[in-house]
Structures are given as structure tokens and as C-alpha cells.
Amino acid sequence: MTLPLKNTVFPMILLKVAEWFLYKLLANSCYKAAMKVKNSRIFFKNSSFRSSHQIPLYPNISKCNNIRKSETIICDIQSTLLRSESFFPYFMLIAFEGGSILRALFLLLSSPLLFVLDFEAKLRVMVFISFCGMKIKDVECVGRAVLPKFYLENLNVGVYEVMKSAGERMVFTSVPRVMVESFLKEYLSVDCVKGTELHCFGNYFSGFVLSSGILIKHRALMEVVSEKKPDIGIGNSSLHDHLFISLCKEAYVVNREDEKAKSILPREKYPKPLVFHDGRLAFLPTPLATLAMFMWLPIGIPLSIFRILIGICLPYKVAVLLGKLSGIRLRVKGTDPPRSENDKGVLYVCTHRTLLDPVFLSTSLGKPLTAVTYSLSKMSEILAPIKTVRLTRSRQKDGEAMQRLLSEGDLVVCPEGTTCREPYLLRFSSLFAELADEIVPVAMNTNVSMFYGTTASGLKCLDPIFFLMNPRPCYNVEILGKLPKELTCAGGKSSHEVANYIQRQLGAALGFECTNLTRRDKYLMLAGNEGVVEDQNSRINTPN
């Protein structure tokens with residue numbers, strides 16, 4: 001008796017999948033066993049004899065000198081331009097920052113499976129989990145605003161120094177092009193980027209690669225350059241890369257033991273200053289680091305809520321004590337200068353690192369302050385333990401409001417207008433300098449190990465929660481001396497001169513670089529908009 005076709009299709013598919021998985025598992029296991037035998041001392045008891053007979057096929061990258069601007073250089077970003085061999089952390093950043101915490105958890109749970117798969121199958125699984133159902137614009141935003149920071153911190157210094165000397169730079173990689181193209185072109189001025197192309201339906205990724213499959217580097221190179229050989233090729237020690245760089249006039253390989261391959265590129269040598277970046281994760285999410293984060297979350301979320309409650313409900317001294325016991329590090333330098341005899345309050349001018357700047361300043365001084373802000377979520381406004389007043393970005397209205405608040409007491413203002421994570425100060429608005437003669441600059445800085453407490457494209461109402469979820473968040477508060485009267489507007493200085501002077505003073509105290517960048521520049525770079533605030537009646541633009 002013959003079974004109906006519909007009853008046999010599914011078992012056959014299941015059998016095929018099981019057969020494929022078993023084949024991949026056995027093939028990968030046999031390959032690893034063979035490599036271990038090859039690298040062991042079974043065949044050569046004398047290790048010096050073995051090493052003396054191993055002649056490298058291509059010279060080390062350190063031998064590559066005297067590169068001319070007319071020369072063309074090619075390389076891969078994975079395991080060559082970057083020090084890290086695994087691209088898992090960057091897929092995790094796509095999954096977490098562009099997707100959700102559940103997508104990130106699913107990718108983490110797949111890591112044991114990834115360990116036994118070959119390179120192509122591993123890449124396809126990571127692509128599917130990280131990209132399936134993701135909006136194209138969200139992935140492009142992560143590639144533009146989140147990934148460059150981690151790429152710069154993992155650059156192979158030796159390869160980068162060689163690459164920047166060449167006139168034409170080309171990168172061929174098996175990882176999805178959308179993950180690396182923005183960084184390579186914007187920061188490293190790469191002329192041509194070829195990577196695996198992903199399938200899309202409408203404005204979403206399907207999670208699959210195109211029918212052309214995973215990019216094979218030597219084939220893609222032959223298609224691009226045709227008969228003309230590139231001048232220099234750089235690769236790693238794998239056979240695939242040897243085939244790739246063999247198509248060049250000169251070829252070099254990366255040595256993992258080389259000092260430059262291990263060293264981290266100093267910030268001052270970055271090809272382009274990293275002033276802005278987005279995302280919540282403050283660490284490179286390797287499998288072990290990501291596992292530690294998920295193990296911390298059941299502790300970190302209640303701990304964050306507890307820290308918020310003690311700041312709202314308890315007196316300053318008790319809140320500081322309990323905060324320190326819960327892991328918050330508050331370092332205060334300097335003292336509050338004496339107040340003059342006039343009726344107006346003191347204006348504290350702070351650098352802006354997170355929304356909690358005024359709260360930690362108020363706690364450090366042990367007195368209530370009023371904070372003015374351009375944008376604050378309703379939740380943050382309700383939970384704030386100090387009085388907050390929202391500004392309108394209308395210079396006249398804001399000036400009148402701040403004058404009134406100063407007549408009632410002390411006031412905190414962050415003239416940068418938005419937060420900045422990196423060691424840079426944005427341009428200071430000069431409005432505050434016109435309103436007060438009693439000005440006290442305050443240098444504030446933060447240090448986190450797991451989560452950033454700011455975002456340009458995420459939910460701002462969660463900023464304090466993410467900051468306080470860190471195991472040991474640190475706030476450094478340095479109260480500088482009161483600004484001398486001769487350096488204020490009352491002493492004949494213009495408001496712009498006062499603002500610029502205070503910016504330089506705070507920059508020197510923190511070791512930060514002063515810039516002319518504004519909130520508008522930040523949001524254009526990170527979120528693709530001008531940082532406008534939607535009002536009920538009108539659309540208000542940010543100041544220049």
C-alpha cells in the first residue's frame with residue numbers, strides 16, 4: 001500500500017536536515033582532530049627541527065615598506081584589518097542594538113551550535129538570527145552609529161598603517177556588506193567594498209543571503225580587477241586567504257604574535273575623531289561577556305530601581321551612604337564657593353554626560369537645585385528628585401524663565417544642549433552668560449562598564465535605568481572656583497567670550513577637547529535627523 005505524497009514529504013525533509021547536520025558535525029570534528037594531530041609533536045619530537053623546516057609562504061606584514069600613493073591594496077576586514085578573529089560580537093551588536101534583547105538572547109543560545117558548524121554555515125545562521133525581520137534603516141543606523149567605535153578599538157595597527165599609505169584601497173569580505181561599508185568608507189576612506197549581499201523584501205531583511213551566496217573573495221577580486229593585478233594583498237594564514245592574496249603582485253600575511261597586531265590604536269591616531277556614537281552596550285559582546293550580561297540582568301534591574309528610589313525618597317546623606325553601599329561611586333573634588341549677598345541664586349554650569357548630571361551635583365552639594373533642560377521624558381521628569389523646568393529653545397522665552405528661576409534659588413544648566421560620551425565638549429550656548437554674574441563651572445564625567453546611560457535613537461526614558469544598572473557606575477564631580485567678575489558680562493566680556501572661556505576651563509579640568517559641534521551635528525550623524533523636538537503646536541528646531 002502506497003502512502004499519500006503529503007504524508008511522506010515532511011519526514012523526507014526532516015531526514016535530509018538531520019543528514020546535513022550530522023555531516024557538518026562529523027566533518028568539522030574530523031577537521032579539528034586532524035589539525036590537532038598536525039600541530040602536535042607526534043611527528044616531530046624536536047620542536048626546533050619542526051619549526052626550522054616550516055617556511056612561510058608569504059612574508060609578514062611588518063616587511064611591507066615604502067608603499068607609494070599610486071599603489072592599490074586589498075585585504076579583508078575579518079581577521080586581517082581587525083584583530084578579533086570572530087565576527088560574533090558584531091552580529092550581537094546588530095541583534096541587541098538594532099533588534100531586541102530577545103533576539104540577542106537567541107543569538108547567544110545559538111553559540112554552542114555555531115561552535116560545531118563550518119564557516120559558511122556559521123555565517124548563515126548568524127545572519128538569519130541577527131537580520132531576519134529587521135528594518136533596513138535600523139541596520140544601517142547601527143552600522144553608522146554603533147559599530148565604528150568597536151571596529152576602531154579592534155583595528156590591527158600594522159595593517160592599518162600599511163593600508164593608509166596606499167592610494168587605492170579595496171576590501172573584500174565574506175561578512176555582510178551592510179555591516180562594514182559605512183565604517184570602511186567613512187573612517188578608512190576605502191574606495192571599494194565587496195561583501196556578502198543580503199536578501200530583502202520591501203524595507204526589511206529576510207535573514208537570507210542572495211542567490212549568489214556567501215562572497216568568495218578571490219572570485220570577487222577577479223571580477224573587479226579583471227586582468228590587472230592589485231599591487232599589494234594582505235591576508236591571514238588560512239588557505240582561502242592565500243588563494244585570495246596570490247592574485248596580487250605582492251602578498252603579505254598577518255602574524256598574530258606581532259606586537260603591532262596585539263596593540264590598540266591610540267585615540268589620537270584614529271583616522272577620524274570619534275566624537276559621537278550610539279548604542280547601549282559599553283563592552284564588546286563576546287559570547288562570555290554577553291552571557292555575563294544576561295546573568296547580571298536579574299540583579300541589575302531591581303538594583304537600578306532600588307537606587308532610583310533611595311535618590312527620590314531619602315535625605316541626601318542617607319541616599320549617598322546607601323548609594324555607595326549599592327556600588328555607586330561618587331567622587332567629589334572642590335567645595336561649593338560662598339554665596340554673595342545679592343538676592344539672585346548661583347548658576348552652576350555643567351558638562352553634560354547623562355540626564356543625571358543635575359541630580360548628582362545636587363547630591364554632592366547636599367542642597368536642592370533647579371535644573372533646566374531642553375528635552376526630558378515625562379517619566380524622567382516625574383522620577384527626578386529635584387525640580388526640573390523644560391525650555392522651549394526660544395532664546396527670549398528661555399532667558400525670561402531662567403531669570404525667574406535664578407531669583408528663586410540656585411540653578412543648574414548644561415549649555416552643550418545634549419550629552420556626549422567621548423572626551424569632547426560640544427559648543428556652549430552663550431545664553432546662560434547673559435543671565436548671571438554668579439557663575440560656578442562644574443566638570444562632570446562618568447564611567448560605566450556594561451551599559452551607557454544615553455541614547456540618540458532609543459527610549460530616553462530608560463537612560464537613568466540603564467546607567468544605574470551598571471554594577472559599579474562612577475560619577476566624578478569637580479567644582480571649580482567661582483568665575484571672577486571681570487570675566488563675566490558684568491566685567492565687560494561678551495556672552496560668547498564667557499561661554500568659550502568656561503568651555504576651555506572645563507575642557508582643561510577634564511582633559512577633554514573643545515569642539516564647535518552642536519546637538520544638530522550629533523543627531524544628523526547618529527539618528528539621521530536634526531534633533532528637532534515635536535511640540536503640540538509647532539515644530540521647534542535646535543539652535544545653531
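User: What covers the buried residues of α21?

Analyst: The cover includes strands β9 (347-350), β13 (424-425), β14 (439-447) and β16 (513-514), counting heavy atoms within 4.5 Å as contact. Helices (H or I, at least four residues) and strands (E, at least two) are DSSP runs numbered from the N terminus. This is a predicted model, where local features need pLDDT of at least 70 and side-chain atom pairs 80 or more, while totals for chains, interfaces and linings use all residues. Residues are numbered from 1 along each chain as its sequence is written, and side-chain values use heavy atoms, without hydrogens or water.

User: Which residues of α21 are buried, and why do they line one face?

Analyst: An α-helix has 3.6 residues a turn, so residues three or four places apart point the same way. In α21 (residues 495-510), the buried ones (under 20% relative accessible area, 1.4 Å probe, protein chains only) are S495, V498, A499, I502, Q503, L506 and G507. Viewed down the axis, they fall within an arc of 165 degrees (taken from the axis to the C-beta atoms), so they line one face. Just past α21, G511 has a positive phi of about 75 degrees.

User: How do α4 and α5 pack?

Analyst: Two packed helices are described by the angle between their axes and the distance between the axes. For α4 (residues 88-99) and α5, the angle is about 155 degrees and the axes lie 7 Å apart; axes are lines fitted to C-alpha atoms over the stretch in contact, with angles from 0 to 180 degrees between N-to-C directions. That makes the pair roughly antiparallel (over 145 degrees). F88 and F91 of α4 and I101 and R103 of α5 are among the contacting residues.

Methods: Buried means under 20% relative accessible area, exposed over 50%, partly exposed in between (1.4 Å probe, protein chains only). Angles under 35 degrees count as roughly parallel, over 145 as roughly antiparallel, 65 to 115 as roughly perpendicular and the rest as oblique.
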